[in-house]
Amino acid sequence: MKKIFAFCLFILVSFTANAQKYALVDMEYILSKLPAYERANEQLNQVSKKWQAEVEALNTEASTMYKNYQNEVVFLSQQQKKARQELIMKKEKQASDLKQKYFGPNGELFKKREALMSPMQDEIYNTIKSISELHGYSMVIDRASNSGVVFASPKIDISNEVLEKLGYSK
C-alpha cells in the first residue's frame, strides 16, 4: 500500500514539476452548433431510412415466400420443396448481403458518414490544435466522450473558443 501511495505521489509531483497545461472541449456541444453537422446528420438519416426500407422489403418478400411454402408444403413433391427452400434461402441471403453492403462495418453508410463528417472533424481538430499551440496546452481532452474524466473545471473548457475561431457564436 505504501509503495502504491509513493508511486502516486511521485506521479503527482512529476506532473506538477513539469507544469503541463490541459484543456477540455465538448465535441457534442461544438458539433451541435454547426449547421453543416445538422445537415449531414439529416442526409445520413434520410439515406439510412431509404436503405433500411430496401432491406425490409427483401425480408418481407422472403417471409411471404416462407409462409406460402408452409401453406403449400403438403402438396409439394420433394423436388419442389427443395427448390422452394433454396429460393427462400436465396432471398434471405440477398437481404442479408444488402444489409451488410449498406450497414456493415465498411458499408455505404460508413463511407457516406466519413465523406460528410471528415471535413468538419478535420477543421475542428486543426482549430483545437491552433488554440492549443497558442495557449501552450499539452493536452486537450474531449469531455463528451467516456474518457473517465470525473471532474474538470469549466475554466479549462475551450469549446466556446473553438466555436468562435470556427466562426460560430456560442
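Of the 170 residues in the protein chain of this predicted model, 22% count as buried, a term that denotes under 20% relative accessible area, with exposed meaning over 50% and partly exposed in between (1.4 Å probe, protein chains only). Because the model is predicted, local features need pLDDT of at least 70 and side-chain atom pairs count only at pLDDT 80 or more, whereas totals for chains, interfaces and linings use all residues. Residues are numbered from 1 along each chain as its sequence is written, and side-chain values use heavy atoms, with hydrogens and water left out.

The secondary structure comprises six helices and two strands, assigned as DSSP runs (H or I, at least four residues, for helices; E, at least two, for strands) and numbered from the N terminus. Their order from the N terminus on is α-β-α-α-α-α-β-α. Among contacts (heavy atoms within 4.5 Å) between residues at least 6 apart in sequence, 77% join residues at least 24 apart.

Helix 3 (residues 35-72) takes part in two of the packings described here. Its axis and that of helix 4 come within 9 Å and cross at roughly 165 degrees; axes are lines fitted to C-alpha atoms, for helices over the stretch in contact, and angles run from 0 to 180 degrees between N-to-C directions. Helix 3 is therefore roughly antiparallel to helix 4, given that angles over 145 degrees count as roughly antiparallel, under 35 as roughly parallel, 65 to 115 as roughly perpendicular and the rest as oblique. The crossing of helix 3 and helix 4 is left-handed, meaning that the near helix is turned anticlockwise from the far one by less than a right angle, with clockwise giving a right-handed crossing. By class, this contact has 13 nonpolar, six polar and eight charged residues; Ala, Val, Leu, Ile, Met, Phe, Trp, Tyr, Cys and Pro count as nonpolar, Asp, Glu, Lys and Arg as charged, and the others, Gly among them, as polar. Within helix 4 (residues 78-103) lies Lys 91, which counts as buried at 15% relative accessibility. Neighbours within four places in sequence aside, Lys 91 is in contact with Leu 58, Glu 61, Ala 62 and Met 65.

The axes of helix 3 and helix 5 come within 10 Å and cross at roughly 175 degrees, which makes these two helices roughly antiparallel. Residues of helix 3 in this contact include Tyr 37, Leu 44 and Trp 51, and those of helix 5 include Leu 109, Leu 116 and Met 120. The contact divides into ten nonpolar, three polar and three charged residues. Gln 121, also in helix 5, is partly exposed at 43% relative accessibility.

Helix 5 (residues 108-135) also packs against helix 6 (residues 159-166), at an angle of about 115 degrees and with the axes 10 Å apart. The two helices are thus roughly perpendicular, and their crossing is right-handed.

The largest nonpolar core, a set of buried Ala, Val, Leu, Ile, Met, Phe, Trp, Tyr and Cys residues joined through side-chain atoms within 4.5 Å, contains 13 residues, and Ile 124, Ile 158 and Val 162 are among those that touch the most other members. Two or more residues come from each of strand 1 (21-25), helix 2 (27-32), helix 5 and helix 6. Another core, of twelve residues, lies apart from it and includes Trp 51, Leu 98, Tyr 102 and Met 120.
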